[in-house]
Each structure stands twice: as structure tokens, then as C-alpha cells.
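Here's a quick briefing to read alongside the structure. Have a look at the fold and then go through the notes by topic.

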Amino acid sequence: AYHHRLTHLSTYGAKYYSYVIAKACASQIWLRHFVNNPFDSNAGALWAKVQSFGGERPSKELLKMVLGQESTSDDLAEALRIYCQK
């Protein structure tokens, strides 16, 4: 069955796009909290709090916690656009 040999196509795409989304989320966090002062202790404490949950909470909830609002697809696209301009 030839279709059993093509499974890497779907898993590769899923891994690639999850990586792109992670870059967009990281860019949003950087732009919101660290771009002006990478050593801001308040932003660092907030980031440490978010990281303390590990895998206990969904990623969407953790992103909302660190950004203070829900992130839309337009927000992610804009953050990725800014990241790619560097």
C-alpha cells in the first residue's frame, strides 16, 4: 500500500507549523515584555510564574496569562512578520 509510505508528509507539516506558531508566540512575548528592557525583573517574574506551570495548563491559557489577553491569529501573524524582518 503506497499510502503507508507517505505518512511523513502529514507529520512533517504538523511539526513545521507548530514550530512557526511557537516562534510567533515567543515573538509576541518578547515584544510585549522584553524588547525595551530584556532585564526587567517584573517581566522576568511573570515569565517565571508562567513557566512554573510546565505542561499542567494548556498553551493557550499560558499565553493569555503572560500577554494579559487572548491572542488572535492576526496577532500571531503580526508578531511573526515583525520577527521575520530582523
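Let's start with one residue: Trp30 sits in helix α1. Keep in mind that this is a predicted model. The protein chain has four helices and zero strands, and there is one pocket worth a look, with about 330 Å³ of space in the largest one.

**Overall layout**

- Reading from the N terminus, the elements of the protein chain go α-α-α-α.
- The protein chain has 86 residues, and buried ones make up 20% of them.

**Trp30 and the nonpolar patch**

- Trp30 comes out at 35% relative accessibility, so it counts as partly exposed, the partly exposed class being the one between 20% and 50%.
- Trp30 teams up with Leu31 and Val35 to make a nonpolar surface patch of about 230 Å².
- Why can Trp30 belong to a patch at all, in terms of relative accessible area? Patch residues need over 30% relative accessible area, and Trp30 has 35%.

**The largest pocket**

- The largest pocket holds about 330 Å³ of space, and 18 residues line it.
- Closest to the centre of this pocket are Cys25, Ser59, Lys60, Leu62 and Leu63.
- Which helices supply at least two residues each to the lining? They are α1 (7-34), α2 (41-52) and α3 (59-67).
- Helix α3 gives the most to the lining, with six residues.
- Sorted by class, the lining has 11 nonpolar residues, four polar ones and three charged ones.
- Lys60 is one of the residues closest to the pocket centre, and at 58% relative accessibility it counts as exposed, because the exposed class starts over 50%.

**Salt bridges**

- How many salt bridges does a search of the whole structure find? The search turns up four.
- Lys60 also pairs up with Glu70: their side chains meet in a salt bridge at 3.7 Å, N to O.
- Lys60 is in helix α3 while Glu70 is in the loop between α3 and α4 (73-84), so this pair ties together parts that are 10 residues apart in sequence.
- Glu70 has a relative accessible area of 43%, so it is partly exposed.
- The Lys60 and Glu70 pair belongs to a network of salt bridges that also links in Lys64.
- Glu61 forms a salt bridge with Arg57, and their closest N and O atoms are 3.5 Å apart.
- On the accessibility side, Glu61 is partly exposed at 37%, and Arg57 is partly exposed too, at 29%.
- Over in helix α4, Arg81 forms a salt bridge with Glu78, with the closest N and O atoms 2.4 Å apart.
- Arg81 and Glu78 both lie in α4 and are three residues apart, about one turn of the helix.
- Arg81 has 39% relative accessibility and counts as partly exposed, while Glu78 is partly exposed with 36%.

**Pairs that are apart in sequence**

- Arg32 is in helix α1, and its C-alpha atom is separated by 7.1 Å from that of Leu67, which is 35 residues away along the chain.
- Arg32 has a relative accessible area of 41%, which makes it partly exposed.
- Phe34 is another residue in helix α1. The C-alpha atoms of Phe34 and Gly44 are separated by 8.6 Å, with their positions 10 residues apart along the chain.
- Is Phe34 buried or exposed? Phe34 counts as buried, because its 11% relative accessibility falls under the 20% cut-off.
- Leu46 is found in helix α2, and from C-alpha to C-alpha it is 8.7 Å from Met65, though the two are 19 residues apart in sequence.
- At 26% relative accessibility, Leu46 goes down as partly exposed.

Technical notes: Residues are numbered from 1 along each chain as its sequence is written. This is a predicted model: local features need pLDDT of at least 70, side-chain atom pairs count only at pLDDT 80 or more; totals for chains, interfaces and linings use all residues. Side-chain values use heavy atoms; hydrogens and water are left out. On a 1 Å grid over the protein atoms alone, a cavity is a set of points where a 1.4 Å probe fits but cannot get out, and a pocket is an open set with protein on both sides within 12 Å along at least five of seven lines; lining residues have an atom within 4 Å of a point. Grid points are joined across faces, edges and corners, and a volume is the space filled by probe spheres set on the points. Ala, Val, Leu, Ile, Met, Phe, Trp, Tyr, Cys and Pro count as nonpolar, Asp, Glu, Lys and Arg as charged, and the others, Gly among them, as polar. Patches are made of residues with over 30% relative accessible area and no salt bridge: like charges are joined within 9 Å, nonpolar side chains (Val, Leu, Ile, Met, Phe, Trp, Tyr) within 5 Å. Accessible areas come from the Shrake-Rupley method with a 1.4 Å probe; for residues, only the protein chains shown count as cover. Buried means under 20% relative accessible area, exposed over 50%, partly exposed in between (1.4 Å probe, protein chains only).
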